[in-house]
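Please read the briefing below alongside the sequence and the three-dimensional structure.

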Amino acid sequence: MQTALRTSLPETELASRANFAPHARVVREDGPVQTNGLPLSIRGLRKSFGDNEVLRSIDLHIPAGQFVAIVGKSGCGKSTLLRLIAGLDKIDAGSISFGQDIQPEDIRVMFQEPRLLPWARVLANVEVGLGRDRASTDAHARAEKALIEVGLADKRDQWPSVLSGGQKQRVALGRALVSRPRVLAFDEPLGALDALTRISMQRLLERVWRDQGFTAILVTHDVAEAVALADRVLVIEEGRIAHDVTVNAARPRQRGSAELAGLEGSILSHLLSADDRT
Ligand SMILES: Nc1ncnc2c1ncn2[C@@H]1O[C@H](COP(=O)(O)OP(=O)(O)O)[C@@H](O)[C@H]1O
Ligand SMILES: [Mg+2]
């Protein structure tokens, strides 16, 4: 039923507005004004691969529209946690709930590799993110709007191969945004970019989060990036959330400010002391 309803333009429009209205609320003055995001509650989550107990007990509540960063040493289970949240892998025990039934389009993941289709032009690559709505009459228009949001409207007819690394990631972001997700999970999306491109992409991520009001979950190995973007930084250690650090700095944030540098230092010292114990 839902699929049939979503193929016509007015219904799709109505659906996206309906999604917005009941959950719209002020999160914080300098965060998203309204949120289209879903809250997330994780209880007693466990995940092992064979004998490797990766997530031992994760308990976490993320309010709708919050921007959360997840850090932790390599192999601690960050990507595993994102995959479980996005429904890409099965949990062993515990629960993940969004407070209501969700559609596949409600949650999107952006990875470090842009994963573009080389045989499809930029606009068609963005349309892929519409999932079941890809065949709808407004698919082109929605993809064009997403390309404008990521500043790539002029590349719509290009092939992925001619784009720079940063531009490819912006196409991947457009593809993630086009379905107006309510939860957007990022798995080290900027890890392969040079420093300047990375900072401009960080600003873009923050802007689209503020404009669209999704709940953002960013896995990053860059603690400076985590404190620059997130409302809250979680440190995963030994399969649990070992530290949950609130970042109260006002937005727009001043990168390199004493406040952010102090937070970054304290999170790094948590990470390094965990390293000393292993
Ligand atoms: N599909 C899988 N099969 C077996 N082991 C896996 C699989 N995915 C992840 N792991 C293991 O789980 C642990 C956590 O991996 P991952 O979540 O990718 O860590 P992170 O993203 O924090 O670097 C690692 O030891 C990794 O080898
Ligand atoms: Mg990972």
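Over which residues does pLDDT stay under 50? This holds for residues 1–29, for which the model has 45 contacts beyond four places in sequence, a contact being heavy atoms within 4.5 Å. This is a predicted model, in which local features need pLDDT of at least 70, side-chain atom pairs count only at pLDDT 80 or more, and totals for chains, interfaces and linings use all residues. Residues are numbered from 1 along each chain as its sequence is written, chains are lettered from A and ligands numbered from 1 in the order in which they are written, and side-chain values use heavy atoms, with hydrogens and water left out.

**Confidence**
- The protein chain averages a pLDDT (the predictor's confidence in each residue, from 0 to 100) of 88, and 87% of the residues score at least 70.

**Nonpolar cores**
- The largest nonpolar core (buried Ala, Val, Leu, Ile, Met, Phe, Trp, Tyr and Cys residues joined through side-chain atoms within 4.5 Å, buried meaning under 20% relative accessible area with a 1.4 Å probe, protein chains only) has 48 residues, and those with the most contacts inside it are Leu173, Phe186, Phe214, Val233 and Ile267.
- Because domain 1 (52–102 + 184–278) and domain 2 (116–181) both give residues to this core, it lies between them; the domain bounds come from an automatic or database domain assignment.
- Beyond its neighbours within four places in sequence, Ile267 is in contact with Val71, Val223, Val227, Val233, Val235 and Val245.
- A second, separate core of 25 residues includes Leu40, Ile85, Phe98 and Val183.

**Ligand 1**
- Oxygen atoms of ligand 1 lie 2.9 Å from a polar side-chain atom of Lys78 and 2.8 Å from a polar side-chain atom of Ser79.

Note on methods:
Buried means under 20% relative accessible area, exposed over 50%, partly exposed in between (1.4 Å probe, protein chains only). A polar contact is a pair of N or O atoms within 3.5 Å; within protein, one must be able to donate a hydrogen and the other to accept it, and residues adjacent in sequence count only if both atoms are side-chain atoms.
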